[in-house]
Amino acid sequence: MSEKSITFNSRYIIGISFISALGGYLFGFDFAVISGALPFLRPQFMLDSLWEGFLTGSLALGCIVGCLIAGKLADKYGRRPGLMLAAVIFAVSSIGIALSFGLSFFIIMRFIAGIGVGMASMLCPMYIAEVSPAKVRGRNVAINQLTVVIGILVTNMVNYFLADTGPDAWRWMFGLGAIPSTIFLVGVIWLPESPRWLLKDGQQEKAKQVLNKIGSASFVDTTLTAIHKSLEGSPKKQNYKDVFEKSVRPAVVVGVILAIFQQFCGINVVFNYTSTIFESVGADLNRQLFETIAIGAVNLVFTLLAMWQVDKLGRRPLMLFGSLGLSVVYIILAFLLQNHYPAGMVSIFVLLAISMYAISLAPVTWVLISEIFPNKIRGVASSVAIVSLWGAYFILVFTFPILAEKLGAYGPFYLYAVICFLGFLFIQKRVKETKGQTLEELEDNLIRH
């Protein structure tokens with residue numbers, strides 16, 4: 001069948017991708033809000049370095065639970081119900097954190113927020129990958145990362161303007177998260193279910209209706225045939241033991257290691273502990289919060305650049321560039337912090353590190369996780385990879401305040417530089433290019449061959 005006869009409803013595809021990706025905005029919100037709130041939370045709850053790390057990392061512990069819930073929920077009931085539940089959890093936890101009366105309650109509510117973040121972090125990229133044609137799948141999945149960074153930037157700006165409202169400013173910082181949560185919930189109600197899940201569930205006609213909205217009749221026919229072929233012989237119910245089958249193990253290993261590397265590369269300590277890093281070189285609170293806005297702006301610009309290039313240059317070149325570049329920049333940044341260079345000089349290399357991460361590891365890891373697993377185990381395999389990601393995130397943010405107290409704020413960055421170089425070597429050896437192939441073609445090329 002001629003490729004020219006296959007056409008797509010681009011406006012509809014981008015529309016449903018953006019609505020699903022609003023979960024990414026909430027992910028960005030919960031991820032960034034802690035950076036602006038920590039200067040207020042330290043005196044509020046008398047935090048030492050151990051409790052500061054645990055309070056920050058409690059989100060990740062909730063994320064792990066959220067991923068496990070989402071994996072089972074997505075495979076049993078569909079992607080859409082999981083997205084709706086994530087939206088409700090976001091809204092309730094935002095209000096709960098704002099009303100916290102003690103440290104224990106705050107951590108419990110932040111843990112619950114993490115459940116919503118974990119569900120969204122898994123389901124949003126998966127859903128977008130399953131409704132997107134191959135030639136724009138990388139860009140569309142990267143929309144999720146775009147909304148994450150918009151959430152980070154907007155949250156950092158709100159934090160900056162709320163900082164002068166008094167010691168309870170942190171309550172407003174968290175409480176305002178209920179607004180985008182509600183918008184997300186309303187949007188998800190309008191979304192169709194994933195056609196790949198509908199077919200796996202035996203709902204052929206519904207799947208065909210969704211595919212008809214996405215593309216032309218020839219697209220529908222070729223997609224239905226490919227999905228049916230990929231599902232042949234697969235059990236209707238997925239089990240976590242399926243991800244350890246010999247045939248799919250290589251893809252699962254790559255997905256898990258990339259997920260862990262995205263966190264252990266160290267950039268998220270810059271996002272979460274901006275105030276700690278700049279305080280170590282003498283910056284005042286106003287400058288610390290301003291730096292979070294600069295970080296958010298650079299993050300946004302280079303995420304847009306990644307969206308433009310991910311389906312042109314490909315996944316692998318961007319990942320290689322980012323991992324090696326971060327390794328070099330971290331060594332310079334650690335040297336500047338160690339020798340107490342001015343905040344302006346430190347800022348340049350912090351922003352350079354953010355730009356390299358935003359164009360590579362940040363969006364491309366999520367793209368790869370959403371596309372390298374076969375249809376029959378995509379839900380549980382994605383769950384395993386993203387649980388690993390959030391486990392690594394917890395270790396990273398929990399240990400940074402402790403390491404910074406023992407070694408100085410510069411010390412951990414030497415370690416992150418080594419990890420980034422090892423990640424570069426792994427990507428060079430084990431990660432294959434995936435651009436331009438359908439999910440079913442990838443399954444055939446990466447798994448069966």
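The buried residues of helix H7, where buried means under 20% relative accessible area with a 1.4 Å probe and only protein chains considered, pack against helix H1 (10–45), helix H3 (79–98) and helix H6 (169–175), with contact taken as heavy atoms within 4.5 Å. Helices here are DSSP runs of H or I with at least four residues, numbered from the N terminus. Before going on, I should say that this is a predicted model, in which local features need pLDDT of at least 70 and side-chain atom pairs count only at pLDDT 80 or more, while totals for chains, interfaces and linings use all residues. Residues are numbered from 1 along each chain as its sequence is written, and side-chain values use heavy atoms, with hydrogens and water left out.

Staying with H7, the buried residues are Ala178, Pro180, Ser181, Phe184, Gly187 and Val188, whereas Ile179, in the same helix, is exposed at a relative accessible area of 52%, the cut-off for exposed being over 50%. Ile179 also belongs to a nonpolar surface patch of about 540 Å², together with Val154, Val158, Trp172, Leu176 and Ile183; such a patch takes residues with over 30% relative accessible area and no salt bridge, and joins nonpolar side chains (Val, Leu, Ile, Met, Phe, Trp, Tyr) within 5 Å. Helix H5 (134–162) and H7 are the elements that give two or more residues to this patch.

Turning to the interior, the largest nonpolar core, a set of buried Ala, Val, Leu, Ile, Met, Phe, Trp, Tyr and Cys residues joined through side-chain atoms within 4.5 Å, has 145 residues, of which Leu41, Ile267, Leu326, Trp390 and Phe413 touch the most other members. H1 supplies the largest share of this core, 17 residues. Apart from it there is another core, of 13 residues, including Ala142 and Leu300.

Finally, the charged pairs: there are eight salt bridges, counted wherever a side-chain nitrogen of Lys or Arg is within 4 Å of a carboxyl oxygen of Asp or Glu. One of them joins Glu130 and Arg79 at 2.8 Å, N to O, and this pair links distant parts of the chain, with Glu130 in helix H4 (residues 103–131) and Arg79 in helix H3, 51 residues apart. Glu130 is buried, at 2%, and Arg79 is buried as well, at 1%. Another bridge, between Arg315 and Asp311, is also 2.8 Å, N to O, and Arg315 is buried with a relative accessible area of 0%. Salt bridges with shared partners join Asp75, Arg79, Glu130 and Lys200 into one network.

Definitions and conventions. Patch = residues over 30% accessible without salt bridge, like charges linked within 9 Å, V, L, I, M, F, W, Y side chains within 5 Å. Areas by Shrake-Rupley, 256 points an atom, 1.4 Å probe, with all protein chains shown as cover.
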